[in-house]
Amino acid sequence: MPFFVFYGNDIKFLKRNLNKWENEKFSKYPDLELDFPDNPTLSILTQKLSENSLFSSKKLIKVYEYEKVKNIDKIFDVETDHLVCFISYQEKKGIRKKKGIESFCYNLPKNYEIEKIIQNKFRGKLEKELIEYLSKNISSLIDLDDLEEYLKEKSINFLTFNDYIKIMGDNEAKVYLI
């Protein structure tokens, strides 16, 4: 399967998993050549997919903001041995389901779902107001992992909203508290 789509609004989570995925590909194909086309168009991408490199047998072509490429769905009709990775920070994939495409979605859950995730993850270790604040203002699920790791590292059993502000220096939290 040569086509891979990474999309979603949880940018930190997407980037972390994209890095893991890339590392797997580079370990599987040690001579893999990386290509980032500038201002890609369908014709540029088609040309890159049909090119062969002098230095490697396989290319990894990364296309950011693929939703801006006109008629991008036509690229999936091109036969290639290269790997093509499409990356978008939008909530919707923007590409129709088709055989040969592997998709990875990294969207943040809705606020009410995030609140449940936080409650389950921290089980009585966070003040109610802090849970409510985090559920409305969190930018990535990775931030929750970082907070959990911090609490374990500092042996904190219960975190209040005021302590969170002191620790994180979060000015938005100060305004929210008022």
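I61 stands opposite V84 in β4. In this predicted model, strand β4 covers residues 83-88, and its pairing, its burial and its cysteine are set out below, followed by a pocket.

**Strand pairing**
- Strand β3, residues 59-64, runs parallel to β4, and the two pair over 5 bridges.
- Strand β1, residues 3-7, also pairs with β4 in the parallel sense, over 5 bridges.
- Within the β1 pairing, F4 has C85 of β4 as its bridge partner.

**Burial of β4**
- Of the 6 residues in β4, 6 are buried, so the strand is mostly covered.
- One side of the strand carries L83, C85 and I87, the other V84, F86 and S88, and both faces are covered.
- C85 has a relative accessible area of 0%, which puts this residue under the 20% limit for buried.

**Cysteines**
- The structure holds 0 disulfides.
- C85 is in no disulfide, and the nearest cysteine sulfur, that of C105, is 14 Å away.
- Because a disulfide here requires sulfur atoms within 2.5 Å, the 14 Å from the sulfur of C105 to that of C85 is too far for a bond.
- C105 is partly exposed, at 40% relative accessibility, whereas C85 is buried.

**Second largest pocket**
- The second largest pocket holds about 180 Å³ of space.
- Its lining consists of F36, P37, N39, P40, K62, V63, Y64, E65, K68 and V69.
- By class, the lining of this pocket has 6 nonpolar, 1 polar and 3 charged residues.

Notes. Residues numbered from 1 in each chain as written. Predicted model: local features only at pLDDT ≥ 70, side-chain atom pairs only at ≥ 80, totals over all residues. Heavy atoms only, no water. Buried < 20%, exposed > 50% of the residue type's maximum accessible area, 1.4 Å probe, protein only. Helix = DSSP H or I, 4+ residues; strand = E, 2+ residues; numbered from the N terminus. Pairing = 2+ DSSP bridges. 1 Å grid on protein atoms, 1.4 Å probe; cavity = no way out; pocket = protein on both sides within 12 Å on 5 of 7 lines; lining within 4 Å. Points joined across faces, edges and corners; volume = space filled by probe spheres on them. Nonpolar A, V, L, I, M, F, W, Y, C, P; charged D, E, K, R; others polar.
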